[in-house]
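The following exercises concern the structure shown below. Each task is followed by a solution that proceeds step by step.

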Amino acid sequence: MSATPASEQVRAALRVSGRRLSYLDSGAPGPLLLALHGHFAEARTFTPLARRLAPHWRVVALDQRGHGRSDRPPDFSREGYVEDAAALLRHLGGPGPAVVLGHSLGGVNAYHLAFRHPRLVRALIVEDIGAEVDGDLSFCLTWPHRAPTRAALLEALGGSAPHLTDAVREYADGWGLAFRPQDMAASQRGLNGDHWRAWLGSDCPALLLRGTRSAVLSAGHARAMAAARPRTRLVELPTGHTVHATDPERFAAAVRTFLTFLDGLPPQTHNRLPPAGPAR
């Protein structure tokens, strides 16, 4: 694919086990950064980051299974999510391993990917998710499947509406979301649990980003994660759970600083990055 400005991202797709996986590709000439969104979101949540990293980094953002324009899968298992991401990286066929960034659900999938497929992952950026997860998305089961108008759908979504505008779609039978709420609740149930083995199971450089007002990742847990895993840097920004959306400028700056340092290392030293303590 030829270089394309981040504001003109290319929508592309591949098929994995008969399912369509859709993704956005900034087409920039730089090294590859794979971005994995959280529940309810989709690839375009990382468009502002792609714009800020262009042209130095090629940002490819995946609509994960059951989200955005990607097909619904038979399950929302960790193995399924991880193998989708691995298939995309192999499909892209970059000159080397990728930096993998993930928010929330995507963050867990990112560090599981590094654990299971270390040769595909050059470095990790994990946004506001822990090595132990205990969430509940059952509140979304009250959201309507369809509404007669966009306004009616947004009204029915109530206080959640401002966080879901990117997922609103018009279908032949009315207005709805780009995912099924029951799938999101099932995916969260599969996400809950202890992931320490995967978090500690890779040794590539990692940046752990936390929102200081996050109700998902506590300060103590984030610091324990950074302390337990060598070559992991903790950066905390004054936001809630969606750091990249709440403060895109400072989020991009933290990512860019990490990538600039990483990009200056010869490939053979990527796994020898000296450990660093928490930073703010």
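**Exercise 1. Describe the hairpin formed by E1 and E2.**

Solution. This model is predicted.
Step 1: Strands E1 and E2 make a hairpin, with 2 residues between them.
Step 2: Ser17, in the turn, has a positive phi of about 50°.
Step 3: Strand E1 covers residues 10-16 and strand E2 covers residues 19-25; the two run antiparallel and are joined by 7 bridges.
Step 4: For a pair of facing residues, take Arg11, which stands opposite Leu24 in E2.

**Exercise 2. Determine how strand E11 is placed with respect to E6 and E12.**

Solution.
Step 1: Begin with the covering of strand E11, residues 206-211: 6 of its 6 residues are buried.
Step 2: Sort these residues by direction. Ala206, Leu208 and Arg210 point one way, while Leu207, Leu209 and Gly211 point the other way, and all are buried.
Step 3: Turn to the partner E6, residues 121-127, which runs parallel to E11 and is joined to it by 4 bridges. Here Glu127 stands opposite Leu209 in E11.
Step 4: The other partner is E12, residues 232-237, which also runs parallel and shares 6 bridges with E11. In this pairing, Leu208 stands opposite Leu234 in E12.
Step 5: Follow the chain from E11 to E12. The path goes through helix H7, residues 219-228, and this β-α-β crossover is right-handed.

**Exercise 3. Classify the ring pair Phe40 and Phe179 as stacked, tilted or edge-to-face, and state where its two members lie.**

Solution.
Step 1: A pair of aromatic rings is described by the distance of the centres and the angle of the planes. The search of the whole structure finds 7 aromatic pairs.
Step 2: For Phe40 and Phe179, the centres are 5.4 Å apart and the planes stand at 35°. Planes under 30 degrees apart count as stacked and those over 60 as edge-to-face; the pair is therefore tilted.
Step 3: Locate the residues. Phe40 belongs to the loop between strand E3 (32-36) and helix H1 (47-53), and Phe179 to the loop between strand E9 (174-177) and helix H5 (181-191). The pair links distant parts of the chain, 139 residues apart.
Step 4: Examine accessibility, for which buried means under 20% relative accessible area. Phe40 has 15% and is therefore buried; Phe179, at 6%, also counts as buried.

**Exercise 4. Classify the pair Phe139 and Trp143, and identify the cluster that contains these rings.**

Solution.
Step 1: The ring centres of Phe139 and Trp143 are 5.8 Å apart and the planes stand at 70°, so the pair is edge-to-face.
Step 2: With a relative accessible area of 43%, Phe139 is partly exposed, whereas Trp143 is buried at 9%.
Step 3: Ring pairs link Phe40, Phe139, Trp143 and Phe179 into a cluster.

**Exercise 5. Find the ring beneath Arg229 and the ring beneath the charged end of Arg233.**

Solution.
Step 1: Arg229 lies over the face of Trp199, at 5.3 Å from the ring centre.
Step 2: The charged end of Arg233 sits over the ring of Phe261, 5.1 Å from its centre.

**Exercise 6. Characterise the largest pocket by its space and its lining.**

Solution.
Step 1: The largest pocket holds about 920 Å³ of space.
Step 2: Its lining consists of 33 residues, of which His39, Phe40, His103, His241 and Thr242 are the closest to the centre.
Step 3: Strand E7 (132-133), H5 and helix H8 (243-246) are the elements that give two or more residues to this lining.

Conventions. Residues numbered from 1 in each chain as written. Predicted model: local features only at pLDDT ≥ 70, side-chain atom pairs only at ≥ 80, totals over all residues. Heavy atoms only, no water. Phe/Tyr/Trp six-rings, centres within 6.5 Å; stacked < 30°, edge-to-face > 60°. Buried < 20%, exposed > 50% of the residue type's maximum accessible area, 1.4 Å probe, protein only. Lys NZ or Arg CZ within 6 Å of the ring centre and 35° of its normal. Pairing = 2+ DSSP bridges. Right-handed = clockwise from strand over helix to strand, strands pointing away. 1 Å grid on protein atoms, 1.4 Å probe; cavity = no way out; pocket = protein on both sides within 12 Å on 5 of 7 lines; lining within 4 Å. Points joined across faces, edges and corners; volume = space filled by probe spheres on them.
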